[in-house]
Amino acid sequence: MSLQFIGVDPESGQTGSPTLWVDETNGDIIAQSYIADDATRAECIEKNAPGHDKTIPAGETVIRVPVHMIQILREACDAAERAAVR
């Protein structure tokens with residue numbers, strides 16, 4: 001695995017620091033961000049994909065990416081596409 005740093009939440013200061021990377025071996029986007037609160041998790045479960053169990057499977061979680069990180073997320077998507085083409 002080889003992670004390419006894409007960006008960090010510019011409003012987080014030195015703590016909290018939601019961050020995005022791209023795994024250059026397969027194009028996956030790796031995110032460190034805030035854990036969604038119980039109300040958000042419950043709504044995600046309730047509005048899950050049709051035909052899927054109404055649960056958050058073991059090994060998965062719901063994260064919240066701050067809106068001011070959208071440009072960084074776009075950069076991560078572009079980097080992921082480039083990595084996947086290799």
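This tour moves from the whole chain to selected residues of a predicted model.

**The whole chain**

Begin with the protein chain in a cartoon representation, where 2 helices and 5 strands are assigned. Followed along the sequence, these elements come in the order β-β-β-β-α-β-α. The C-alpha trace spans about 35 × 35 × 20 Å along its principal axes. With a surface displayed, the accessible area of the protein chain is about 6,000 Å², and carbon and sulfur atoms supply 53% of that area. The chain has 86 residues, of which 27% count as buried. For contacts between residues at least 6 apart in sequence, 48% join residues at least 24 apart.

**Asp9 and the loop between β1 and β2**

Select Asp9 next, in the loop that runs between β1 (3–8) and β2 (19–23). Asp9 is buried but takes part in no salt bridge. Its nearest side chain of opposite charge belongs to Arg64, at a distance of 11 Å. A salt bridge requires a side-chain nitrogen of Lys or Arg within 4 Å of a carboxyl oxygen of Asp or Glu, so this separation does not qualify.

Which side chain, then, shares a polar contact with that of Asp9? Display His68: the two side chains are joined by a polar contact of 2.8 Å. To complete the surroundings, add Pro18, Tyr34, Pro66 and Met69, which together with His68 are the contacts of Asp9 once neighbours within four places in sequence are set aside.

Keep Asp9 in view and add Ser12, which is also found in the loop between β1 and β2. Ser12 counts as buried because its relative accessible area is 10%. A polar atom of the Ser12 side chain lies 2.9 Å from the backbone oxygen of Asp9. Beyond its neighbours within four places in sequence, Ser12 is in contact with Ser17, Pro18 and Tyr34. Pro18 and Tyr34 are therefore contacts of Asp9 as well as of Ser12, by the criterion of heavy atoms within 4.5 Å.

**Gln32 on strand β3**

Move to Gln32 in strand β3, which covers residues 29–32. Is this residue buried or partly exposed? Gln32 counts as partly exposed because its relative accessibility is 37%. Select Ser17 alongside Gln32: the backbone oxygen of Ser17 is 3.2 Å from a polar atom of the Gln32 side chain. Leaving out neighbours within four places in sequence, the contacts of Gln32 are Gly16, Ser17, Pro18, Thr19 and Trp21. For Gly16, a distance label between C-alpha atoms should read 9.3 Å to Gln32, across 16 residues of chain.

**The salt bridge**

Side chains of opposite charge can pair when their charged atoms come close. How many salt bridges does the count give? The count comes to 1 salt bridge. Select Glu43 and Lys47, whose side chains meet in a salt bridge with an N to O distance of 2.7 Å. Glu43 is partly exposed, at 43% relative accessibility, whereas Lys47 is exposed, at 62%.

**The nonpolar surface patch**

Finally, select Ile29, Ile63, Val65 and Leu73 with the surface displayed. These residues form a nonpolar patch on the surface, with about 260 Å² of accessible area together. One of them, Val65, lies in the loop between β5 (63–64) and α2 (70–85). Val65 counts as partly exposed because its relative accessibility is 34%.

Terms used. Residues are numbered from 1 along each chain as its sequence is written. This is a predicted model: local features need pLDDT of at least 70, side-chain atom pairs count only at pLDDT 80 or more; totals for chains, interfaces and linings use all residues. Side-chain values use heavy atoms; hydrogens and water are left out. Helices (H or I, at least four residues) and strands (E, at least two) are DSSP runs, numbered from the N terminus. Buried means under 20% relative accessible area, exposed over 50%, partly exposed in between (1.4 Å probe, protein chains only). Lys and Arg count as positive and Asp and Glu as negative; His and the chain ends are not counted. A polar contact is a pair of N or O atoms within 3.5 Å; within protein, one must be able to donate a hydrogen and the other to accept it, and residues adjacent in sequence count only if both atoms are side-chain atoms. Patches are made of residues with over 30% relative accessible area and no salt bridge: like charges are joined within 9 Å, nonpolar side chains (Val, Leu, Ile, Met, Phe, Trp, Tyr) within 5 Å. Accessible areas come from the Shrake-Rupley method with a 1.4 Å probe; for residues, only the protein chains shown count as cover.
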